[in-house]
Each structure stands twice: as C-alpha cells, then as structure tokens.
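I opened a fresh page of the notebook for a structure I had not looked at before. The entries below follow the order in which I looked things up.

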Amino acid sequence: MFALFCGVFALVEANASSGAAYYVDSINGNDAENGTSEQTAWKSLAKVNEQVFKSGDRILFRSGSRFAGLLKPQGSGTPEQPIVIDRYGDGALPRIDGEGAVRATVFLHNVEGWEVRSLEITNHGDEPKWNRRGVRILNEKFETARHFVLSGLYVHDVNGTTPKRREAGVAIVAEVDESKKMRFDGLTIENCHVKDCERDAIRIWGVTARDRWFPSLNVVIRNNLIEGVGGDGIVPSGCDGALLEYNTMRDCTRLGEEAGAAAGIWPWSCDNTLIQFNEVSDHRAWIDGQGFDSDYNCSDTVIQYNYSHDNEGGFLLICCPGNKSHNTGTIVRYNVSINDGFRTIGHKEFFSPT
C-alpha cells in the first residue's frame, strides 16, 4: 500500500510540474536565446507567436516591460494542465500595446486550455475603428473549447467604434463561429479592470438560435471593475448557467445617440443566468440605460442582491418582443435601487425607474 501511495504521489507531482517556462523581456531579452531562463529571455512578441506551446507551459513576461503589436500564441493546453501567461519580477504589469494597428492586442484563436494573467493591455489608434478589441478569444475549430481564464488584466483605452453593432469596439470578447455547433465550456473572467474603452466592456458571443441551441457552459464573470465605458458592461449570449457576480460598473461615458441602446449587466439568449452582488451606477445610454436587464430569448434569469443607483434609464429592463422571441421565468428580488430613472435627454419614453 505504501508503495502504491508513493507511486500515485510521484505521478501527481510529475503532472503538476510538467511543461516548460519561457521568459520574455523587452528590455534585456534576445530572440536568439532559448527563452527558458531569465538570463536567456526572448525579447519580442513575434518570437512568442512563432512557438507552439504545450500543456503545462508558462510564458512569463517581465514586469515593467512594454511590447508593441499582437500577442497571438499557438498550441493548446488542458483543464488539468493549462498553458499560462503571467509575469515575473517586481514592478508594473507588463504592457502589451496594440497601438491601434491590430484587430485585437491579445488574440487566442482556435486554441483551448489557456490562462492569461497579470497583463496591461491597450489598443488605441489615431481614430476609432470597427472590430477593435483588447482581448479576443475566437473558437472556429473545436465543437467545445475548454478552459479559459482571464484574470488580473488591466484593459484600457481600446477605442473601437460606438454604433450598436457586432463590430463595435469591446475590451474583452469571447466568441464562436455561430454558423456551426460550437461553444465554450469553462470560461472565467475575473479580477480584471476595464477602463476608458469604447463601446463595450465584456461580451460573450455564443450560438443564440433556439433551433440549433448549443450553449456555452460554466461561464463565470466576477469581481471585475468597469469604469468609463458608455456602452454595455457585461453581456453573455448563448450561455446556460452563467454566473455574473461581484462586478462594479461606474462612471459611464455619455456616448450619445449614435451608440444606441445599452445597459449595465444583462444576458441575451441565455438560460439560468444568475446575476448577484453587483453594483451599476451612472449609466447614461441614449436608449435603455438601466443598471440591469433580462433580455430577449432568455429563460429563468435570477437578478438578486444587486445595487443600482444613479442610472439615467432606471434600475431594471425586462425585454420581450412577444412576436419575435421570449423571456420566461425571470426572478428579480432583494435588490436596492436608489436615484434611478431620471433621464432628461435622449429617448425619455424608454426608461424604467423601477
């Protein structure tokens, strides 16, 4: 029995330590090196992008470094052995700056089993541009893409376009090819700070049509701070059982009539969404502008223990165009709304103080 225990312990320890560590240092790095130590660190994003990483690998960016361009790593991990992007050393978060020249600064395309942690990410161009993102996860390959974690990211100054369209700007987005049977299973966005981005903060785009329903599972968006975003704050689409909790959205930018309808935290075409312990304030959208919303094509949404205040459009929107879609089973309870619903400009008829 002792020998069996030792064998199992050794196997677990070996699995926990599998994978290589790669270091990236924009100050003292050299792409001619092997990247496997701080002393032999790589220098550029281009070198990272050409490597195919394996389960358990770690890509560590030096704190205080700045990298310009696109980070688009290759390879896939597993839920048990994800590939992890993180930082090493003391100082400011490593900065990845798309400089407005790339569609997304960090792009996880047709991969799975990734965790991205502790980075500063920005993508600001000379003028707003369609499809500009900070972080983009796109699945066009796997029927079910498993295990993504975005944690401790500071995503700011992503100046996308503001009209309400799929191509509008967004700080963090995860999406699938909706023409196919594809989804995510295990997607966590937590402890991130989104600031001064246009148009939206965090969006999940899954399969939304009910005649080929294939929802994403185990979606968790929690403990994020959103500031200076005038569009939609957190919007999961095509999900079942999404958990949205302990998020704060405040100081929303007044984008004006061109940006159309927007609200704070809300699901679209989702089942069993739980929205709790969030705070939304200062929403100033031209149309809607509520703190919370249970929207089209949703079933069994629960909105509870939230704090809504000073939102021009009001506290709550429950949206159902009866001849087009449905909204069933929504429960709203134990929330606090203070000074909501005082719109003086825009579409005054589209607001709901309670």
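Where does tyrosine 334 lie? I found tyrosine 334 in the loop between strand 32 (331–333) and strand 33 (336–338). I kept in mind from the start that this is a predicted model, and I read each entry in that light.

**Entry on tyrosine 334 and asparagine 297**

I looked up the backbone of tyrosine 334 next, and its phi is positive, about 60°, although the residue is not a glycine. Its relative accessibility is 55%, and because exposed means over 50%, I wrote tyrosine 334 down as exposed.

I then turned to asparagine 297, which is placed in the loop between strand 26 (290–294) and strand 27 (298–299). Its phi is near 60°, again a positive value in a residue other than glycine. Is asparagine 297 buried or exposed? With a relative accessible area of 9%, asparagine 297 is buried.

**Entry on the whole chain**

I stepped back to the chain and noted 2 helices and 33 strands. The radius of gyration is 21 Å, close to the 20 Å that the globule rule gives for 354 residues, so the chain is as compact as a globular protein of that length. Along the principal axes, I noted that the C-alpha trace spans about 65 × 55 × 35 Å.

Buried residues make up 56% of the 354 residues. I also looked at how contacts are spread along the sequence: among contacts with a separation of 6 or more, 77% are between residues 24 or more positions apart. The accessible surface comes to about 14,700 Å², and carbon and sulfur atoms hold 50% of that surface. For the charges, I recorded 36 positive and 48 negative side chains, with the centres of the two sets 3 Å apart.

**Entry on aspartate 200 and the bond before arginine 199**

I followed the chain into strand 15 (residues 200–205), where aspartate 200 lies. Just ahead of that strand, arginine 199 sits in the loop between strand 14 (193–195) and strand 15. The peptide bond from glutamate 198 to arginine 199 is cis, with omega near 15°.

Aspartate 200 has a relative accessibility of 3%, which is under the 20% cut-off, so I entered aspartate 200 as buried. Which residues does aspartate 200 touch, leaving aside its neighbours within four places in sequence? I listed Gly169, Val170, Ala171, Val229, Gly231 and Asp232. With Asp232 there is also a polar approach, since a polar atom of the side chain of aspartate 200 lies 2.9 Å from the backbone nitrogen of aspartate 232.

**Entry on threonine 253**

I went on to threonine 253, in the loop between strand 21 (248–250) and strand 22 (261–262). Threonine 253 is partly exposed, with a relative accessible area of 30%. Apart from neighbours within four places in sequence, threonine 253 is in contact with Gly228, Val229 and Gly230, and I noted that Val229 is also among the contacts of aspartate 200. A polar atom of the threonine 253 side chain lies 3.0 Å from the backbone oxygen of glycine 228.

**Entry on serine 216 and phenylalanine 148**

Serine 216 is found in strand 16 (residues 216–222), and with a relative accessible area of 1% serine 216 is buried. Beyond its neighbours within four places in sequence, serine 216 is in contact with Arg183, Phe184, Gly238, Cys239 and Asp240. How far is the side chain of serine 216 from the backbone nitrogen of phenylalanine 184? I read 3.0 Å for that pair.

Phenylalanine 184 led me to phenylalanine 148, since Phe184 is one of the residues in contact with phenylalanine 148. Phenylalanine 148 is placed in strand 10 (residues 144–151) and is buried, with a relative accessible area of 1%. Its contacts outside the neighbours within four places also include Leu108, Val111, Trp114 and Ile137, along with Gly186, Leu187 and Thr188.

I closed the page with a distance for each of these two residues. The C-alpha atoms of serine 216 and phenylalanine 53, which are 163 residues apart in sequence, are 25 Å apart in space. For phenylalanine 148 and histidine 193, 45 residues apart along the chain, the C-alpha separation is 18 Å.

Technical notes:
Residues numbered from 1 in each chain as written. Predicted model: local features only at pLDDT ≥ 70, side-chain atom pairs only at ≥ 80, totals over all residues. Heavy atoms only, no water. Helix = DSSP H or I, 4+ residues; strand = E, 2+ residues; numbered from the N terminus. Rg over C-alpha atoms; globule rule 2.2 N^0.38 Å. Buried < 20%, exposed > 50% of the residue type's maximum accessible area, 1.4 Å probe, protein only. Contact = heavy atoms within 4.5 Å. Areas by Shrake-Rupley, 256 points an atom, 1.4 Å probe, with all protein chains shown as cover. Lys, Arg positive; Asp, Glu negative; His and termini not counted. Charge placed at Lys NZ, Arg CZ, Asp CG, Glu CD. Polar contact = N/O pair within 3.5 Å; in protein donor to acceptor, adjacent residues only side chain to side chain.
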